[in-house]
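Open the model in your viewer and get ready to click along. We will go from one selection to the next and see what each holds.

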Amino acid sequence: MAGGRERILRRRIKSIQSTQKITRAQELIAASRIARAQAHVAAAQPYSESITQVVHDLAAGGGPGDSLLLTPRPDVRKVGYIVISADRGLCGAYNSSVIRAAEHAIQEQSARGVDYALVLVGRKAEGYFRYREYRIDAAFSGFSERPSYEDARHVGAAATQMFIAGDIDLVEIVSTHFVSVGTQVVQQQTLMPLARDEVVADTAHGVDATVQAAYEFEPSPEGILDLLLPRYVDARVYAALLNAAASEHAARQRAMKSATDNAQDLITNLTRGMNRARQDAITTEIMEIVGGAEALRGGLRHEDLLADTIEGRDSELFGARKADR
């Protein structure tokens, strides 16, 4: 019985050791990809800053114009949500945190009578909302770990078309912002309409005069601004995708490290149990050997007694016959 328990524990330890090798490998892969994702975020920063500065200069040089992307809707009847999740799991609460934040925002707006539209990035978000029969307007997947600017352009175009067509009155991005390897924050930020204060922020500080002196815009600042604002939207979506990718790798690295540590604790506890089972088995075998030896010794003692008895009786019989003679 004890030997059977030892075999079961040994089999479980081997199974957990195999799982531990997988989680450790996933941890190392995620750790190596964090640095690459951070490098991508840093590499995209100059373009984001440049296009932001150009938009500011255009707005300062000719005014923000009447672009639809800058015009807030007086009555918000439908909100579009760009929800950025991962394509796969094994990253702790990363996916559930983003999905829960988006669902909470949808329910909050629905309680006010505001409809919703969903543009989903990542298979996890698509699977969650599709399973619960939410209405999905667009879904993108296959690039959550390594998004490209082209991917961001497709996502931004889907939301921009719906906004310009008047299908939605507001676009919100629900994603995870990468702060550090140990800290990622789920955030919801408004993408469209673009904040007019943000676009024309420098106008109030007298930049318009310097811009007018430094640049000449053709055909007009308003026309260039209308062409550039969609690129500005794509740049913001791209930044959100890169931050989400870095956050996903960091969350996966933490989750896999925790799983590896837990597997080691399980192996330690099961090894102790297996050693106890082995000691029980050895003790049982020793007791069986000692019991067998005692039984053998007891059997030999009986045989000796029998021989002594026969020998004694023979002596008595022979002694009596000798006396008769």
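Start by selecting V237, and then show what surrounds it. Leaving aside neighbours within four places in sequence, V237 is in contact with A152, V155, G156, I173 and L191. Keep in mind throughout that this is a predicted model.

Next, widen the selection to the core around it. V237 belongs to the largest nonpolar core, a set of 42 residues, and is among those that touch the most other members. The others in that group are I82, I84, V155, V171, L191 and M192. Two of these, V155 and L191, are also contacts of V237.

Which elements give two or more residues to this core? Colour them one by one: the helices are α1 (2–62), α4 (149–164) and α7 (221–324), and the strands are β1 (78–84), β2 (115–121), β3, β4 (170–178) and β5 (184–192). Helix α7 supplies the largest share, 13 residues. As background, nonpolar side chains in soluble globular proteins tend to be buried together.

Now hide that core and select V98, Y116, L120 and Y134. They are part of a second, separate core, which has 17 residues.

Time to visit the surface. Select I282, I286 and V290, which make a nonpolar patch of about 260 Å². I286 lies in helix α7. Is I286 buried or exposed? The answer falls in between: its relative accessible area is 49%, and exposed means over 50%, so I286 counts as partly exposed.

Zoom out to take in the whole chain. Seven helices and five strands make it up, and from the N terminus their order is α-β-α-β-α-β-α-β-β-α-α-α. Of its 325 residues, 39% are buried. If you turn on the surface, about 18,500 Å² is exposed, with carbon and sulfur atoms supplying 54% of it. Contacts often link distant parts of the sequence: among those between residues at least 6 apart, 79% join residues at least 24 apart.

For the last stop, colour by confidence. The chain has an average pLDDT of 84, and 82% of the residues score at least 70. Where is confidence highest, and where is it lowest? Strand β3 (residues 138–140) has the highest mean, 96, while helix α6 (residues 207–214) has the lowest, 50. Finally, select residues 202–209: pLDDT stays under 50 there, and the model has eight contacts for this stretch beyond four places in sequence.

Conventions: Residues numbered from 1 in each chain as written. Predicted model: local features only at pLDDT ≥ 70, side-chain atom pairs only at ≥ 80, totals over all residues. Heavy atoms only, no water. pLDDT = per-residue confidence, 0-100. Helix = DSSP H or I, 4+ residues; strand = E, 2+ residues; numbered from the N terminus. Contact = heavy atoms within 4.5 Å. Core = buried A, V, L, I, M, F, W, Y, C linked by side-chain atoms within 4.5 Å. Buried < 20%, exposed > 50% of the residue type's maximum accessible area, 1.4 Å probe, protein only. Patch = residues over 30% accessible without salt bridge, like charges linked within 9 Å, V, L, I, M, F, W, Y side chains within 5 Å. Areas by Shrake-Rupley, 256 points an atom, 1.4 Å probe, with all protein chains shown as cover. Salt bridge = Lys/Arg side-chain N within 4 Å of Asp/Glu carboxyl O.
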